[in-house]
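Thanks for sharing this one. Here are my notes, as numbered points, to read alongside the structure.

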Amino acid sequence: MAQADIEIARAARLRPISEIAEGLGIPASALVSYGPTKAKIALPFVRRLADRPDGKLILVTAISPTPAGEGKTTTTVGLCDGLNAIGKKAISCLREPSLGPCFGMKGGAAGGGYAQVVPMEDINLHFTGDFHAITAANNLLAAMIDNHIYWGNELDIDPRRIGWRRVIDMNDRALRSIVNSLGGVRNGFPREDGFDITVASEIMAILCLATDLADLKQRLGDIVVGYTRGR
């Protein structure tokens with residue numbers, strides 16, 4: 001009987017991430033570790049590679065999505081394994097799974113069979129915590145908007161024309177359209193609001209596009225959250 005993806009993942013012998021990095025020419029000093037099997041690469045090290053010639057890029061994409069997924073990750077990992085097997089230095093660059101699809105019909109997003117990335121459960125569930133940080137940053141701004149209106153609305157923001165929605169990394173149709181600040185005077189001014197999924201937030205896009213901390217701050221500062229009453 002064929003093994004399930006999770007059985008294959010749990011049976012895998014995980015090499016230390018420092019050992020894998022060493023094979024790619026990345027020193028341990030350039031790693032920001034999240035335990036023995038996960039790490040980020042420090043930006044100063046990445047910048048030191050600017051003068052190196054670019055490698056070849058293979059983009060794996062698909063159309064006509066199915067409930068079970070189309071197999072982009074599985075194809076990518078299998079292709080990367082195959083290239084390494086014939087002596088090429090190849091590495092897969094994948095997006096982090098969102099908890100929404102992971103707990104939906106599609107399930108996890110770390111590949112399948114013997115063409116998957118491990119530790120699969122860690123990757124599918126929280127990973128390095130970036131999505132939670134993005135969620136908190138997004139919802140902090142949402143709270144600041146409502147708090148500003150509560151304390152006098154000096155900027156004259158029109159509560160009917162606020163474009164900044166809250167986010168959560170989950171599929172929850174009950175939160176798509178809500179009315180917030182109910183419960184009396186102390187809770188602010190009721191208005192229509194709603195939740196998007198974290199990976200669709202503008203802060204998610206900004207994090208992907210930012211080149212450094214200064215660029216990140218600039219882009220965050222340029223966000224349009226709503227409009228004033230004047231037309």
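1. Let me begin with G226 and what surrounds it. Setting aside neighbours within four places in sequence, G226 is in contact with R161, I162 and G163. The glycine belongs to strand β10, which covers residues 226-228. With a relative accessibility of 23%, G226 counts as partly exposed. For a sense of distance in this predicted model, take G226 and P67: they are 159 residues apart in sequence, and their C-alpha atoms are 36 Å apart in space.

2. A second pair is worth a look while you have the distance tool open. D51 and I63 are 12 residues apart along the chain, and 36 Å separates their C-alpha atoms. D51 sits in the loop between α3 (43-47) and α4 (72-85). Its relative accessible area is 77%, so D51 is classed as exposed, the cut-off being over 50%.

3. Next, the cysteines. How many disulfides does the count come to? The count is zero. C93 takes part in no disulfide, and the nearest cysteine sulfur to it belongs to C208, 10 Å away. A disulfide would need the two sulfur atoms within 2.5 Å. Seen from the other side, C208 is likewise in no disulfide, with the sulfur of C93 as its nearest cysteine sulfur at 10 Å. Are these residues buried or exposed? C93 is exposed, at 75% relative accessible area, and C208 also counts as exposed, at 58%.

4. Now to helix packing, starting with α8 and α9. Two packed helices are described by the angle between their axes and the distance between the axes. Helix α8 (residues 202-209) packs with helix α9 (residues 213-221) at an angle of about 150 degrees, and the axes are 9 Å apart. Angles over 145 degrees count as roughly antiparallel, and α8 and α9 are therefore described that way. The crossing of α8 past α9 is right-handed. On the α8 side the contact is made by I203, I206, L207 and L209, which meet D215, L216, R219 and L220 of α9. Sorted by type, the residues of this contact are six nonpolar, no polar and two charged.

5. The packing of α7 with α8 makes a good companion to the previous point. How are α7 and α8 oriented relative to each other? Their angle is about 125 degrees, with the axes 9 Å apart, and the two helices are therefore oblique to each other. α7 passes α8 in a right-handed crossing. F131, I134, A137 and N138 of α7 meet I203, M204 and L207 of α8. This contact divides into six nonpolar residues, one polar and no charged. Please note that I203 and L207 appear in the contact with α7 and again in the contact with α9.

6. Two residues after α7 deserve a check of their backbone angles. N153 is not a glycine, yet its phi is positive, at about 55 degrees. Its place is in the loop between α7 (130-150) and β5 (157-162). N153 is buried, with a relative accessible area of 11%. D156 is also found in the loop between α7 and β5. D156, again not a glycine, has a positive phi of about 60 degrees. At 33% relative accessibility, D156 counts as partly exposed.

7. There is a peptide bond to flag as well. The bond from V118 to P119 is cis, with omega near 5 degrees. P119 lies in the loop between β4 (115-116) and α6. I would mention this cis bond in any description of the loop.

8. Last comes N124, in helix α6 (residues 120-124). Is N124 buried or exposed? Its relative accessibility is 7%, and N124 counts as buried because the cut-off for that class is under 20%. Apart from neighbours within four places in sequence, N124 is in contact with P97, L99, C102, G108, A109 and A110.

Technical notes
Residues numbered from 1 in each chain as written. Predicted model: local features only at pLDDT ≥ 70, side-chain atom pairs only at ≥ 80, totals over all residues. Heavy atoms only, no water. Axes fitted to C-alpha atoms, helices over the stretch in contact; angles between N-to-C directions. Helix = DSSP H or I, 4+ residues; strand = E, 2+ residues; numbered from the N terminus. Parallel < 35°, antiparallel > 145°, perpendicular 65-115°, else oblique. Left-handed = near helix turned anticlockwise from the far one by under 90°. Contact = heavy atoms within 4.5 Å. Nonpolar A, V, L, I, M, F, W, Y, C, P; charged D, E, K, R; others polar. Buried < 20%, exposed > 50% of the residue type's maximum accessible area, 1.4 Å probe, protein only.
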